[in-house]
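Thanks for asking me to look this one over. Here is the structure, and my notes come after it.

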Amino acid sequence: MSVGFSVEDRVARVTLDRPDRMNAVDAATEQELETIWREIEGRDDISCVVLTGAGERAFCAGADLKGGSDSSGLDYWAASRVNGFGGLAFRRSLDVPIIARVNGFALGGGFEMVLGCDIVIAAETARFGLPEARVGRMPLDGGMVLLQRKIAFNRAMAVMLTGRQFSASEMAGFGVVNEVVPVVELDTAVDRWVADIVACAPLSLRAIKQTVNRTGHLSPAEAQALRTPALIKALQSEDALEGVAAFQQKRAPVWRGR
């Protein structure tokens, strides 16, 4: 197994576990990730996902160019990967908040996976980049289509057209990274964000993310009028009543996910 997966206290932890390859993703790892994302989608006991890489050097260095594939760039591009790199870059069916715990290099597909996360916490030593053009390739699995939609055009083009590596602080300035911390404080920072998310009603979290996922292409009026299944479920839930009652009674709510 090249991906670690565990669930505890409503938090799923997904860890790319190929530190000797800087957690680069090969075909087998890609399939493991797809299986994990589908399992998370089918469970109702998860409120938050933390995605990271094993070891201290890398979050994910992208595709494993030494993974034994002899396919051409055209073959790679033609293959169907509807959810982008790692099954995550532009996945729209996963309605659980995802935090990227970026502990080192996030390059190529690794950066594309970061772009597929909702919140990004990075160590000061982390480095980000889309170096594909430097090896005669392109960021096909999300980079070219996602980055220009997330940050200013000229900044996105600077990342893609130079293949440079950017620091965590630079990416925070671009708006990609939410918080930058010393590497020794990375887990503390991630746990703080996790606690804030898990404190929210599970059905509300799903309704918010599902609505965001399903309405990005719509006008504000069209998005407001869309009644997503998760939104209706949350509005009619016991938790919706519990949240108001807890506020009125000045106590912590007890979420039941129904």
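The points below go through one strand with its neighbours, and then a pair of helices.

1. A word on the source before anything else: this is a predicted model, so please read each point as a description of that model.

2. Let's begin with strand E5, residues 98–102. Five of its five residues are buried, so the strand is largely enclosed by the rest of the structure. The cover is found on both faces: Ile-98, Ala-100 and Val-102 are buried on one side, and Ile-99 and Arg-101 are buried on the other. You may like to look at Arg-101 in your viewer, as this residue is among the buried ones.

3. Which strands pair with E5? Strand E3 (residues 48–53) runs parallel to E5 and is joined to it by three bridges. In this pairing, Val-50 stands opposite Ile-99 of E5. Strand E7 (residues 119–123) also runs parallel to E5, with four bridges between the two. Here Val-102 of E5 has Ala-122 of E7 opposite.

4. Now for the helices. The axes of H4 (residues 143–150) and H5 (residues 153–162) come within 8 Å of each other and cross at roughly 150°. Angles over 145 degrees count as roughly antiparallel, and that makes H4 roughly antiparallel to H5. The crossing is right-handed.

5. Which residues make the contact between these helices? From H4 they are Gly-143, Met-144, Leu-147 and Gln-148, and from H5 they are Ala-156, Val-159 and Met-160. By character, the contact of H4 with H5 has five nonpolar residues, two polar and no charged ones.

Technical notes: Residues numbered from 1 in each chain as written. Predicted model: local features only at pLDDT ≥ 70, side-chain atom pairs only at ≥ 80, totals over all residues. Heavy atoms only, no water. Buried < 20%, exposed > 50% of the residue type's maximum accessible area, 1.4 Å probe, protein only. Pairing = 2+ DSSP bridges. Axes fitted to C-alpha atoms, helices over the stretch in contact; angles between N-to-C directions. Parallel < 35°, antiparallel > 145°, perpendicular 65-115°, else oblique. Left-handed = near helix turned anticlockwise from the far one by under 90°. Contact = heavy atoms within 4.5 Å. Nonpolar A, V, L, I, M, F, W, Y, C, P; charged D, E, K, R; others polar.
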